Amino acid sequence: MTAVKDYQGTYLAQFQAHEKDHAAGPGWLAEVRRAAIHRFAELGFPTTKDEEWKYTNVAPIAQVPFQPVAAASATATAESLAWSCFFELDCPRLVFVNGHYSPGISFLAGLPKGVTATRLAKAVSAGTPALEQHLARYADLQNSAFTALNTALMQDGGFIEIPRGAVVEKPIYLLYVSTGDGGPTISSPRTLILAGRECQATVIEGHIGFGEGTYFSNAVTEIVADENAVIEYSKLHQESRTASHVGTVRVEQARSSNVTTHSFSFGGALIREDLNAVLNGEGAEAQLNGLYLMTARQHIDHHTTLDHAQPHCASRELYKGVLDGQAAGVFNGRVIVRKDAQKTDSKQSNKNLLLSEEAVINTKPQLEIFADDVKCTHGATIGQVDQEAIFYLRSRGIGISEARKILTFAFANDIIDRVKFAPLRDRLRDALFQSLAKRSRKEPA
Amino acid sequence: MLTIKNLHASTNSKEILRGIDLEVGLGEVHAIMGPNGSGKSTLAQVLAGREVYEVTDGEVLYDGQNLLDLSPEDRARAGIFLAFQYPVEIPGVSNTYFLRSALNTIRKSQGLTEIDAMDFLALARKKLKVLDMDEALMNRSVNEGFSGGEKKRNEIFQMAILEPRLAIQDETDSGLDIDALKEVAHGVNSLRGPERSMIVVTHYQRLLNYIVPDFVHVLYNGRIVKSGKKELALELESKGYGWLEEEVAAGHTA
Ligand SMILES: Nc1ncnc2c1ncn2[C@@H]1O[C@H](COP(=O)(O)OP(=O)(O)O)[C@@H](O)[C@H]1O
Ligand SMILES: [Mg+2]
């Protein structure tokens, strides 16, 4: 434990306050929660002595007594959310404000028959059978204090179940909003996505915040892709300037499933994103894409693990970062190839563009290979905007700050181009464009 | 329209241009020839404003104003264009977007209205035809994966769209087969006119059979050592550059 005061006890107390509610729910879940809070009590908040947290100091989280928001005071209007990236998309959405479901601005029409998109809390109280089998069965709470904490405290979130063979044309949007009012506040969004055999769907998980209040969003998402399922999942951060977000996404893939994830980070003060995908069936494929755009004193830490547990699986990972101001980035990409995972084909790359002298990035690929017949490559780059390209653009009349913007946009847009659903791409480009326009600054002579 | 006086330029404290004097009148085409490493590209880049070269002495007047005071973008807006010897690849930026942005910034600086996407496309199609270029190039990233010939044509295509007053071409002929060379030369010639001056940098005389210059200068070791009419190019072709060395050594410079 750290010498500095942290507020671990605050969360133990919050758990106790809810124990009666938990006892009223299903026994298996109460048990899961109990195990989780015990584990959280044992682990405590990580420190930078912890190898997994070497470059990310969670003091802004551990040293603040965040409190959950009461349901009645958790409100937001459609107008107040209209600025956010995907809000105007024509698609079914579930909105949670400060952890609580917000029916007035949720919108569920247009879901194909048999497809479930609902609140987790409702699915739990309805005794949905798949929950006991899947909820909290993948995300590892033994080794993550934050996953343990989320599991102990989770109240609600999105639950999506796509039956065998269903093709969902429009994305399903799960939006988690933090208003920052009456802070410092905590929410523990929990998402479970069950993709049945041969189904096809697009899911967006948005985390947005506004206001000046401090809040902490501790999110866990589990995605279970059954055989041949094709899933495109995007997670977007537009958290407020003072927000902390710790997110864990755990993907479990069965035989021949194909999962593409995109992680877009445009906001937040302190962001840690863990993405762990287990390719647990022959011939499964995973594409992991990420884009982070950080400025001022923002800090973002991506830890990804691609676990090749079965033969003939393929993974492609590309994370790109644009860091400006005094922003700091961390990328730790781990690829594990288990003994049986012969014919693994894995490519990983992390590319960073540093726009200022003070911005920093720590990037570290980690390959752990236990099979012998595999094809694995990885690499990382850190660089500035290409001066020859800048000159080329300027020699055609384009001003220097515009030239930098064009090149930065192109660098980042490469990730957006990988999103398959076209309307998402358009919104993301707008968000990227605005984000770059905001930070365009004078060139040092 | 362009007067270069005693221009010295260096990079990393290595002097490359060692006192260049050159006068280019309106509507004239000047060829600059010279062996590898003589400073041809450096001169072209200095005129375009490349900051890696430091001008240590001399001046350049363009339409009477001090060119060296202007940023590269302001030079372009004032009508200067450089066709690069080695055009830069810019992944992720489409040729169309790039060129329309360039054209519109230049137009705006001249107080003209911006050209919309439709009109731009029509204009681009017209110019592509002259250069016998594939329209598909418009949607590709700037120069990315272009063949050598495609890159050179793309430079001339940009020149055709931007319609500069002073067009500097740095070895636009290198690496082209004879058909491509003829097409590029045809493109360049179609842009010749009384209101447009050109500096054509080339290592080989061959190009000058198709783009016939008014004047020819020989650049050697950072200086213009000989100037003449188009016949000088032929002389160079038959004698090679070797004799220059002897002449310079003996002090018989033009
Ligand atoms: N950016 C640079 N850094 C160092 N040396 C340079 C640079 N640019 C040109 N030079 C040197 O200056 C000389 C002239 O180069 P250049 O202008 O490219 O000649 P040319 O175009 O006539 O072949 C060469 O010796 C070259 O190596
Ligand atoms: Mg050259």
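Here are some questions and answers about a predicted model with chains A and B.

Q: How many aromatic pairs does a search of the whole structure find over all chains?
A: Let's start with the rings. Two rings pair up if their centres lie within 6.5 Å. Searching the whole structure over all chains, the total comes to 16.

Q: Is the pair of Phe66(A) and Phe216(A) stacked, tilted or edge-to-face?
A: The two ring centres are 5.6 Å apart, and the planes make an angle of 50 degrees. Stacked needs planes under 30 degrees apart and edge-to-face needs over 60, with the rest in a third class. So an angle of 50 degrees makes this pair tilted.

Q: How many residues apart in sequence are the parts that Phe66(A) and Phe216(A) tie together?
A: Phe66(A) sits in the loop between helix H3 (59–62) and strand E1 (67–68) of chain A. Phe216(A) belongs to strand E10 (residues 215–225) of chain A. Because of where the two rings lie, their pair ties together parts whose separation in sequence is 150 residues.

Q: What kind of aromatic pair do Phe146(A) and Phe216(A) form?
A: Phe216(A) also pairs with Phe146(A), at 6.0 Å centre to centre. Their planes are 80 degrees apart, and the class for angles over 60 degrees is the one that fits. That makes the pair edge-to-face.

Q: Which helix of chain A holds Phe146(A)?
A: This pair links distant parts of the chain, 70 residues apart. Phe216(A) is the partner in strand E10 of chain A. Phe146(A), on the other side of the pair, is in helix H7 (residues 145–153).

Q: Is Phe216(A) buried or exposed?
A: Buried means under 20% relative accessible area. Phe216(A) has a relative accessible area of 0%, and its partner Phe146(A) has 2%. Because 0% falls under that cut-off, Phe216(A) is buried.

Q: Which residues form one aromatic cluster in chain A?
A: We've already met some of its members as pairs, including Phe66(A) with Phe216(A) and Phe146(A) with Phe216(A). The full list is Tyr11(A), Phe40(A), Phe45(A), Trp53(A), Phe66(A), Phe146(A) and Phe216(A).

Q: Which ring does the charged end of Lys320(A) sit over?
A: Rings can have charged company too: the charged end of Arg396(A) sits over the ring of Tyr392(A), 4.9 Å from its centre. For Lys320(A), the charged end is 4.2 Å from the centre of the ring it sits over. That ring belongs to Phe411(A).

Q: What area do chain B and chain A bury between them?
A: The size of an interface is often given as the accessible area lost when the parts come together. Here the contact takes 32 residues from chain B and 17 residues from chain A. Carbon and sulfur atoms account for 64% of the buried area. The area itself is about 1,900 Å².

Q: Which three residues supply 27% of the area that chain B buries against chain A?
A: No other three residues of chain B supply more of that area. The trio is Arg50(B), Glu73(B) and Val88(B).

Q: Which residue of chain B forms a salt bridge with Arg394(A)?
A: The count between the two chains is 3 salt bridges. In the one with Arg394(A), the closest N and O atoms are 3.3 Å apart. The partner is Glu51(B).

Q: Which element gives the largest share of the side of chain B that touches chain A?
A: Several elements give two or more residues to that side, among them helix H1 (40–48), helix H2 (72–77) and helix H5 (148–162) of chain B. The largest share is 6 residues. Those come from H3(B).

Q: Which residue's backbone nitrogen lies 2.7 Å from a polar atom of the side chain of Asp214(B)?
A: Asp214(B) is in the loop between strand E10 (197–202) and strand E11 (215–220) of chain B. Leaving aside neighbours within four places in sequence, Asp214(B) is in contact with residues including Gly27(B), Glu28(B) and Val29(B). The backbone nitrogen in question belongs to Val29(B).

Q: What is the phi of Ala136(A)?
A: Ala136(A) lies in the loop between helix H6 (129–134) and H7 of chain A, and it counts as buried at 13% relative accessibility. Its phi is positive although it is not a glycine. The value is about 65 degrees.

How values were computed: Residues numbered from 1 in each chain as written. Chains lettered and ligands numbered in written order. Heavy atoms only, no water. Helix = DSSP H or I, 4+ residues; strand = E, 2+ residues; numbered from the N terminus. Buried < 20%, exposed > 50% of the residue type's maximum accessible area, 1.4 Å probe, protein only. Lys NZ or Arg CZ within 6 Å of the ring centre and 35° of its normal. Contact = heavy atoms within 4.5 Å. Buried area = accessible area lost by both parts, 1.4 Å probe. Salt bridge = Lys/Arg side-chain N within 4 Å of Asp/Glu carboxyl O. Polar contact = N/O pair within 3.5 Å; in protein donor to acceptor, adjacent residues only side chain to side chain.
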